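This report describes the ligand site and the domain arrangement of the structure shown below.

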Amino acid sequence: MAIRNDYLAEVMKTVVKRNPGEPEFHQAVREVLESLEPVVERHPEFVEAGIFERIVEPERFIMFRVPWVDDSGKVRVNRGFRVQFNSAIGPYKGGLRFHPSVYAGIIKFLGFEQIFKNSLTGLPIGGAKGGSDFDPKGKSDGEVMRFCQSFMTELQRHIGPDTDVPAGDIGVGAREIGYMFGQYKRIRNDFTGVLTGKGLTYGGSLVRTEATGYGLCYFAEEMMNAHGKSFKDSTVVISGSGNVAIYAAEKVHQLGGRVVALSDSNGYIYDEQGVNLDTVKQIKEVERKRIKEYVNYHPHAKYFEGCSDIWTIKCDIALPCATQNEIDEKSARILVENGCFAVAEGANMPSTPEAIEVFLKNGVLFGPAKAANAGGVATSALEMSQNSMRYSWSFEEVDAKLKDIMVNIYKNISAAAKEYGHEGNLVVGANIAGFMKVANAMYAQGIAY
Ligand code: NDP
């Protein structure tokens with residue numbers, strides 16, 4: 001698809017001009033604007049109020065120096081970011097990513113996507129994202145702690161429980177959230193729900209660790225059930241072996257499917273008998289080692305160097321849960337040829353636009369990230385609610401709310417797709433449903449931002 005509407009094409013042109021050299025951000029904006037053509041036609045008042053021009057421009061973009069000292073006493077410098085993209089429907093909310101590939105364009109793409117994803121949850125949270133080009137891999141606990149403390153020393157002046165509540169993402173798990181929370185509390189002398197993904201002993205929510213992966217499967221199951229299919233007895237390939245991938249795999253197994261492959265940025269494992277998750281958790285969560293260690297525990301399994309070939313494995317369902325643009329057109333074609341009937345995105349923007357087109361043209365059930373992986377941020381919002389009440393819900397209570405949210409997201413986006421003349425296209429449905437709530441709130445609040 002290309003942007004055919006002249007007005008939206010102009011908005012896109014300005015985005016490219018204002019944000020040069022940021023292809024991931026351009027890609028994310030283009031996909032949303034393409035979907036919004038029917039909205040422009042039906043809502044001239046949004047055009048008049050400049051909603052489209054405003055929504056693609058962050059309310060605030062913060063960039064800062066993060067100095068820290070490594071174990072050898074050498075001073076290191078990284079770059080920190082926080083984009084506070086849109087606060088029309090609630091306080092800014094979105095994860096922090098620590099990965100060497102992080103730069104302004106990645107943060108903006110993720111922050112932009114977050115606006116619509118957060119809106120789709122039905123909960124009152126605005127869109128944000130942040131992070132750093134710091135690489136926690138290979139660093140000692142002491143180095144990670146000193147980095148996190150330095151990062152929070154600056155970030156703390158921009159966030160707060162009613163202003164902006166960051167969470168984890170790639171490279172930011174319970175350990176990093178703990179170090180950052182400790183530093184926030186020390187500087188502000190304030191024990192408050194300023195971060196989510198916290199440990200259970202200091203305000204974390206049950207199910208938050210599992211939420212994105214479990215939510216992805218609840219969404220995918222609902223999408224497949226609507227077409228007479230399910231995880232039961234299906235073969236599933238999942239990329240990544242981090243937080244999202246591990247708990248997606250756990251839920252697939254609970255729903256009667258068989259996960260046969262997982263990966264990391266070095267390569268992938270194939271276990272025809274079904275991946276043993278206790279082993280994966282031991283390797284990734286406890287030992288923080290590479291996925292190739294798996295074959296030492298299970299010699300019948302195979303390890304392959306390089307991660308993109310994971311999509312050549314024959315499967316019924318593919319759940320990309322590693323990173324952006326990991327499925328290109330070629331991989332999408334191979335998946336289709338091998339009989340894959342459903343793809344649900346656990347990672348953010350893991351399929352290129354060309355890959356999405358292949359899926360849609362071939363009738364593959366396709367759940368886009370901003371809907372399918374919204375369970376993480378939804379449960380983060382439930383953590384915020386529990387923190388505000390100074391109360392904790394049980395695992396079953398949170399899990400039931402998460403499931404309800406994911407089922408409703410599926411229903412709302414498929415209804416929006418139908419209402420706007422694109423029945424079955426959940427990309428269009430998610431973009432329109434996510435946009436409408438934010439646009440209405442912006443419209444009601446006048447030219448505030
Ligand atoms: P983790 O850091 O826990 O795991 C990331 C996994 O993806 C690791 O296995 C990692 O391998 C792999 N990976 C990362 N970068 C690349 C790359 N460039 N090429 C190949 N593999 C890569 O992150 P999460 O599981 O939290 O996040 C995964 C995806 O899900 C991201 O897109 C994130 O934005 C998205 N997401 C996460 C949410 C959450 O709640 N955590 C919520 C919503 C979306 P290696 O260890 O080798 O780097």
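## Polar contacts to the ligand

The side chain of arginine 208 has an N or O atom 3.0 Å from an oxygen atom of the ligand. This is a predicted model, in which local features need pLDDT of at least 70, side-chain atom pairs count only at pLDDT 80 or more, and totals for chains, interfaces and linings use all residues. Residues are numbered from 1 along each chain as its sequence is written, and side-chain values use heavy atoms, with hydrogens and water left out.

Threonine 212 places a side-chain N or O atom 2.7 Å from a ligand oxygen. At glycine 346 a backbone N or O atom lies 3.5 Å from an oxygen atom of the ligand. A polar contact here is a pair of N or O atoms within 3.5 Å. Taken alone, the ligand exposes 890 Å², and the protein buries 84% of that (accessible areas by the Shrake-Rupley method with a 1.4 Å probe).

## The shell around the ligand

The ligand is surrounded by 25 residues, of which Asp169, Thr212, Ser265, Arg290 and Asn348 come nearest (a residue is near if one of its heavy atoms lies within 4 Å). By class, six residues of the shell are nonpolar, 13 polar and six charged, with Gly counted among the polar ones.

Two elements, α9 (208-225) and α10 (243-254), give two or more residues to the shell; helices are DSSP runs (H or I, at least four residues) numbered from the N terminus. Domain 1 (60-190) and domain 2 (211-367) each supply at least three shell residues.

## The two domains

The domain bounds come from an automatic or database domain assignment. The C-alpha centres of domain 1 and domain 2 lie 27 Å apart. Ten residues from domain 1 and eight residues from domain 2 form the contact (heavy atoms within 4.5 Å).

Definitions and conventions: Polar contact = N/O pair within 3.5 Å; in protein donor to acceptor, adjacent residues only side chain to side chain.
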